[in-house]
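Student: I have a protein model to read before going back to the bench. Can we work through it in short questions and answers?

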Amino acid sequence: MESPPLVTIYIATQNRPDMLVRAVSSCVAQTYSPLEVIVVDDGSEEVNAQRNQKLLADYPQVKYVRLPQPAGAPVARNTAINLAQGEFITGLDDDDEFKPERVSELLQHWYSNSDCAFLCTGYTVISEGNRVFKFARRARTINYQHLLYANVVGNQLFTLTSTLRAIDGFDPSLPSCQDYDTWLRLAAAFGKGYRINSTSYILHQEHQSGRISVSERREAGYKLLLDKHRKFMTNAQLASHQVNYALHNNKVMPWGAFFRLPLTQCLRVLKTLLVRHGWSRLFVSRGLPR
């Protein structure tokens, strides 16, 4: 009988030891074995790096790598990808966590969806006030054309380590949207993926704040992403990104772009709008710069 394959989980972190220990604990608590957990510290301040090392001393199965200077999350993730010994690989943000069954269910679905290049799941979202809701629960196929409309994968996926290496991992030149760019390149090179009916990724948003610097970095990265992939997009897909920009940056809905979308994309947008903002945002209209 063959041994079960090794799965690598990578975590990039910077100056968040209290959140990191929650993330690592959720990896160690996985029902699946064998696992390799690689934490790459993206140049944390000395006091936080020492706290990281002290906290992770309780987890000998975790590999800890510290970059001497901050290099950005893509470099930290790529460092882990290059070090990974697992046949399969997936990521976790340092402020989020996994449900215990996550890796096990992903691997199980991998063997029942052998024609897929990647798998992903929906989310259990914890927002301000500790409100909990489930998002993107519906099982579905995700191909390259779907991804050109929007990042319907999310911030993490499950795939072969060799696949991420073949596309050179994450692009360090993007200040944000590196995950979306990676999924686009992966799907273009290796084909479709599948979202399983699960919300085993716990996305913590209760600690977030609307800092201007973060918003500016997100906007700059999004524009660079579009410049990189625009030539592959149809007019409807470009309109989708006008709408997506409004959704994710608290802008008013650009209805002209919205009505250029296919029905399935219209429904996706309306669902997201209602979940995030309620009905009031549906009745105010203002254009969005192209």
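Tutor: Start with a definition: buried means under 20% relative accessible area, exposed means over 50%, and partly exposed is in between (1.4 Å probe, protein chains only). This is a predicted model, in which local features need pLDDT of at least 70, side-chain atom pairs count only at pLDDT 80 or more, and totals for chains, interfaces and linings use all residues. Residues are numbered from 1 along each chain as its sequence is written, and side-chain values use heavy atoms, with hydrogens and water left out.

Student: Is Leu 6 buried, partly exposed or exposed?

Tutor: Leu 6 sits in the segment before β1. Contact means heavy atoms within 4.5 Å. Leaving aside neighbours within four places in sequence, Leu 6 is in contact with residues including Pro 34, Leu 35 and Phe 88. Its relative accessibility is 23%, so Leu 6 counts as partly exposed.

Student: Which residue does a cis peptide bond join to Ser 33?

Tutor: Most peptide bonds are trans. Here omega is about 10°. The partner lies in the loop between α1 (17-28) and β2. The residue joined to Ser 33 is Pro 34.

Student: How many helices and strands are in the protein?

Tutor: Both are DSSP runs, numbered from the N terminus: helices are H or I with at least four residues, strands are E with at least two. By that count the protein has 11 helices and 12 strands.

Student: Why is the protein called as compact as a globular protein of that length?

Tutor: The radius of gyration is taken over C-alpha atoms, and the globule rule is 2.2 Å times the number of residues to the power 0.38. For 290 residues the rule gives 19 Å. The protein is as compact as a globular protein of that length because its own radius of gyration is close to that, at 19 Å.

Student: What percentage of contacts between residues at least 6 apart in sequence join residues at least 24 apart?

Tutor: Leu 147 gives a feel for such contacts. Leaving aside neighbours within four places in sequence, Leu 147 is in contact with Phe 118 and Ala 187, among others. Over the protein, the share joining residues at least 24 apart is 78%.

Student: Which element gives the largest share of the largest nonpolar core?

Tutor: A nonpolar core is a set of buried Ala, Val, Leu, Ile, Met, Phe, Trp, Tyr and Cys residues joined through side-chain atoms within 4.5 Å. The largest has 35 residues, and Phe 118, Leu 147 and Val 153 touch the most other members. Elements giving two or more residues to this core include β1 (7-13), α3 (73-83), α7 (178-190) and α8 (212-229). The largest share, 5 residues, comes from α7.

Student: How many residues are in the second, separate core?

Tutor: Ile 11, Ala 23, Val 39 and Leu 106 are among its members. The second core has 27 residues.

Student: What is phi of Asp 168?

Tutor: Most residues other than glycine have a negative phi. Asp 168 is not a glycine, yet its phi is positive. It lies in the loop between α6 (161-166) and α7, and counts as exposed at 64% relative accessibility. Its phi is about 65°.

Student: Which residue in the loop between β1 and α1 also has a positive phi?

Tutor: This residue is partly exposed, with a relative accessible area of 28%. Its phi is near 60°, and it is a residue other than glycine. The residue in that loop is Asn 15.

Student: Is Asn 78 buried or exposed?

Tutor: Asn 78 belongs to helix α3. Not counting residues up to four places away in sequence, Asn 78 touches Asp 168, Gly 169, Phe 170 and Pro 172. With a relative accessible area of 14%, Asn 78 is buried.

Student: Where is Thr 199?

Tutor: Thr 199 is buried, with a relative accessible area of 10%. Leaving aside neighbours within four places in sequence, its contacts include Lys 99, Tyr 123 and Arg 137. The place of Thr 199 is in the loop between β11 (193-195) and β12 (201-204).

Student: How far apart are the C-alpha atoms of Ala 257 and Ser 240?

Tutor: Ala 257 lies in helix α10 (residues 255-258) and counts as buried at 4% relative accessibility. Ser 240 is 17 residues away along the chain. Their C-alpha atoms are separated by 7.0 Å.
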